[in-house]
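Grab a coffee and work through a few exercises on helix packing and strand pairing. Try each task by eye before you read its solution.

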Amino acid sequence: MNSKNKIIILLGALFIVGVIVVLIVVFTSGPKTGGGVQPVPAPGGTLTMWGVFDDEKVLLPAFSAAGARTGIAIQYIKKEPATYESELVNAMAAGRGPDIFMFHNTWLSKHYDKVVPMPPSFFDLQTFQRLFPVVVQQDFGPDGTVFALPLSIDTLALFYNKDIFEQIVAPRPPATWSEFLEDVVKTRKIDINGKIERAGAAIGGSAKSINRASDILNLLMLQAGTVMVNENGASFSQQVSEGASPGAESLDFYASFANPSNKYYTWNEGFLNSLDAFSQGKAAMTIDYAFQVPYIQERNPFLSFGVSKVPQPVNPEKDANYANYWGFAVSKTSQNPVGAWNFIVNLTTTADIAKLYAEEAVKPPALRDLIPVFENHPKLGVFTKQILTARSWPQPDGEKVKTIFSE
């Protein structure tokens, strides 16, 4: 064999090896999660996404990283929270909805027929459970079919005024509801006419005065082991044994803080909004989410406050926390649902990409792999530690539930 033929054979062999390498890269470039997630090859292009709260600059680093893996660019449109749901439903009914949209964790019962579920070829149920906490399966995949995936999970936590707690020589914020009751009495101020000058805690009122009032009531019910729904519908007021109804008892406990005849009376509807009252030092404690921290800091940059885990019952079988978050879902009006899901899976299950978002947005992560990374974060640690014990329930209509609970 002459040298010319040897060169031709060598070049041919190198070409074949190169093709094999390219194919391996293309078909194994899925999310590096350790869970064996593989992307489904799909065409790139540009997809539209609707969202709320997050500005595009917050999402851009994560979007760019996911786009580099999938060849998909995102045209992001931020919508007004107050009209987002109705605008989305109307746009989809008219056939002009986005490819991807933010899907609240209480929406599945109400809007499951408006989304394309994730193709099972991306990953199986066991991988889903390994990637995300239990609450995500409860909200977005209760029957094993995945309808949305999140980047972040927020939970209710206790905000407390450090200066007030130092005045009462409290070594730490309350860890149980029994300690919470004691601290309410120690920190409140009521004049001789029975007027509350400073609330021990912003709790007990309706949504008119308490931000996230229904969420706090949901938390109390879930901590008490209330069965929220059964095959016949809502069941949170039903008795589980003679004379005992965890749901009703939770409501009584919550409402007692706004009852002037109760020894722990500390709130009335004439008060400011709970967040404003806390920001102005007129409430020693309040219960809310991580995304409200910037609001409090903006209202009062000089307020010295801390965040601790939300109180739990005394000696519970296990802790229970309440989650509030958004996932990414694919609209039935999308012309490229596989490409849209390819983008979402890469965005939410690739640890490095999800970490970019958590750091940029300053929000607790949703991916299990990132919980150890953020559990000691100075701003997000408390919220992150509560994610694995966060729970939810299938609400038929989240907004109606808020209204009913508030009333």
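Before we start, a term we'll need: a crossing of two helices is right-handed if the near helix is turned clockwise from the far one by less than a right angle, and left-handed if it is turned anticlockwise. Keep in mind that this is a predicted model.

**Exercise 1. Getting your bearings**

Task: Find how many helices and strands the chain has, and what share of its residues is buried.

Solution: Count the elements to begin with: the chain has 17 helices and 16 strands. Then turn to burial: 49% of the 407 residues count as buried. Finish with the contacts: taking those in the chain with a separation of 6 or more, 72% come from residues 24 or more positions apart.

**Exercise 2. A helix pair**

Task: Describe how helix H2 (residues 56-70) packs on helix H13 (residues 337-349).

Solution:
1. Two values are needed, since two packed helices are described by the angle between their axes and the distance between the axes.
2. For H2 and H13, the angle is about 125° and the axes are 9 Å apart.
3. An angle from 65 to 115 degrees would be roughly perpendicular and one over 145 roughly antiparallel, so H2 and H13 are oblique to each other.
4. As for handedness, H2 crosses H13 in the right-handed sense.
5. Now look at who touches whom: H2 contributes Ala 62, Phe 63, Ala 66, Gly 67, Arg 69 and Thr 70, while H13 brings Asn 342, Phe 343, Asn 346 and Leu 347.
6. Sorted by class, this contact between H2 and H13 holds five nonpolar residues, four polar ones and one charged.

**Exercise 3. A small sheet**

Task: Work out the order of the strands in the open sheet that contains S14, and which strands are at its edges.

Solution:
1. The sheet is made of three strands in the order S6-S14-S16, with mixed pairing.
2. Strands S6 (154-155) and S16 (390-391) are the edges, each pairing on one side only.
3. S14 (residues 321-324) and S16 run parallel and are joined by two bridges; Tyr 322 has Arg 391 in S16 as its bridge partner.
4. Helix H9 (residues 213-223) lies across S14 and S16, at about 140° to S14.

**Exercise 4. Which way do the side chains point?**

Task: Sort the residues of strand S12 (residues 285-288) by direction, and say whether they are buried or exposed.

Solution:
1. In a regular strand, side chains alternate between the two faces of the sheet.
2. In S12, Met 285 and Ile 287 point one way, Thr 286 and Asp 288 the other, and all are buried.
3. S12 pairs antiparallel with strand S7 (residues 157-161) over four bridges, and Phe 159 has Thr 286 as its bridge partner.

Notes:
Residues numbered from 1 in each chain as written. Predicted model: local features only at pLDDT ≥ 70, side-chain atom pairs only at ≥ 80, totals over all residues. Heavy atoms only, no water. Pairing = 2+ DSSP bridges. Contact = heavy atoms within 4.5 Å. Axes fitted to C-alpha atoms, helices over the stretch in contact; angles between N-to-C directions. Parallel < 35°, antiparallel > 145°, perpendicular 65-115°, else oblique. Nonpolar A, V, L, I, M, F, W, Y, C, P; charged D, E, K, R; others polar. Buried < 20%, exposed > 50% of the residue type's maximum accessible area, 1.4 Å probe, protein only.
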